[in-house]
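Hello,

Here is the structure I promised to pass on. Have a look at it first, and then read my notes below.

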Amino acid sequence: MSWIRIKTEKGLWKIKPRWQMRWAERNRKVRVFDLGLIVISWWSNKDLQER
């Protein structure tokens, strides 16, 4: 579960601690900005439909 979820018309931004990363985020199947203990991930609408 992410701390913050921001829905946009093109996808979803998620801000969460590193230990809560999902498989697609760990394996970089979606865009991930690594800030150390916190991760910001971008799930486009296409990514959300595929997973």
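Let me begin with one pairing: lysine 16 has valine 39, in β4, as its bridge partner. Please keep in mind that this is a predicted model, where local features need pLDDT of at least 70, side-chain atom pairs count only at pLDDT 80 or more, and totals for chains, interfaces and linings use all residues. Numbering starts from 1 along each chain as its sequence is written, and side-chain values use heavy atoms, leaving out hydrogens and water.

The chain holds two helices and four strands, in the order β-β-α-β-β-α along the sequence. Here helices (H or I, at least four residues) and strands (E, at least two) are DSSP runs, numbered from the N terminus.

Strand β4 (residues 38-44) is a good place to look. Five of its seven residues are buried, meaning under 20% relative accessible area with a 1.4 Å probe, counting protein chains only. β4 pairs with β2 (residues 11-17) in the antiparallel sense over seven bridges; strands pair if DSSP finds at least two bridges between them. β4 also runs antiparallel to β3 (residues 31-34), joined by four bridges, and phenylalanine 33 has isoleucine 40 of β4 as its bridge partner. In the β3 and β4 hairpin, three residues lie between the strands, and glycine 36 takes a positive phi near 95 degrees.

As for the whole chain, buried residues make up 35% of its 51 residues. Its C-alpha trace spans about 25 × 20 × 15 Å along the principal axes.

Best wishes

Key:
Buried means under 20% relative accessible area, exposed over 50%, partly exposed in between (1.4 Å probe, protein chains only).
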